[in-house]
Amino acid sequence: MNFLKVTALKDKERFSLVRIFCAFKYAIQGIIHALKVEKNFQIHIVCAIIVCLLSIILNIDKTEWLFIIISIFGVLSLELVNSALERAVDIATQEIEPLAKQAKDLAAAAVLVYATMSVIIGVVILGPKLINLLF
Ligand SMILES: Nc1ncnc2c1ncn2[C@@H]1O[C@H](COP(=O)(O)OP(=O)(O)OP(=O)(O)O)[C@@H](O)[C@H]1O
């Protein structure tokens, strides 16, 4: 192991507020980038805002809020991972590759599975209250 690698390793092990701040800054840059260019992420954000507004109007309780929050943040996180994986695959190959297709389809499937669960949670929590309000 050369000197630079040892120094980098030591630096990583050392508690550093600057390093934590930088990691936070890069993560925020990732979110801003996704907000600007990722259509699916933008759609999920709009859906999340609508669900939150409905939840406030329908006055859901604390436990219901926890389920809604876990659903929203879970979908958003998976969407970000999906976008990252798409980029990683695109860097790995520009060719049409069965493995590249599988990697992207599997990542998209992960979002779909979690989003389906989130819709079910939303319907179970908000559905009856919405029906009561409207009829
Ligand atoms: N290199 C590749 N080889 C084979 N199939 C690919 C490859 N790249 C993409 N695909 C297929 O095309 C689909 C769409 O890929 P793309 O990179 O456009 O992502 P996307 O699903 O459009 O994502 P987003 O809309 O979030 O950008 C993938 O799910 C996959 O099935």
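**View 1. Surroundings of Val51 in the predicted model.** Leaving aside residues up to four places away in sequence, Val51 touches Ile68, Ile72 and Gly122. Val51 also belongs to the largest nonpolar core of the protein, as do two of these partners, Ile68 and Ile72.

**View 2. The largest nonpolar core.** Seven positions make up this core, namely Val51, Ile68, Ile72, Val75, Leu78, Val111 and Ile125. Two or more residues are given to the core by each of the elements α4 (62–92) and α5 (98–134), and the largest share, 4 residues, is that of α4. Across the whole protein, 10% of the 135 residues count as buried.

**View 3. Spans listed as transmembrane regions.** An unreviewed UniProt entry lists residues 41–60, 66–85 and 106–127 under "transmembrane region". In the model, residues 41–60 are 85% helix and 0% strand, with end C-alpha atoms 25 Å apart, while residues 106–127 are 100% helix and 0% strand, and the end C-alpha atoms of that span lie 30 Å apart.

**View 4. Helices and overall dimensions.** The secondary structure consists of 5 helices and 0 strands, which follow one another along the sequence in the pattern α-α-α-α-α. The protein is more spread out than a compact globule, because its radius of gyration, 20 Å, is well over the 14 Å that the globule rule gives for 135 residues. Taken along the principal axes, the box filled by the C-alpha atoms is roughly 70 × 45 × 25 Å. Of the contacts between residues at least 6 apart in sequence, 75% join residues at least 24 apart.

Technical notes: Residues numbered from 1 in each chain as written. Predicted model: local features only at pLDDT ≥ 70, side-chain atom pairs only at ≥ 80, totals over all residues. Rg over C-alpha atoms; globule rule 2.2 N^0.38 Å. Buried ≥ 20, exposed ≤ 12 C-beta atoms within 10 Å, placed from the backbone. Contact = placed C-beta atoms within 7 Å. UniProt positions renumbered as here; feature names shortened; annotations may be inferred. Core = buried A, V, L, I, M, F, W, Y, C linked by C-beta atoms within 7 Å.
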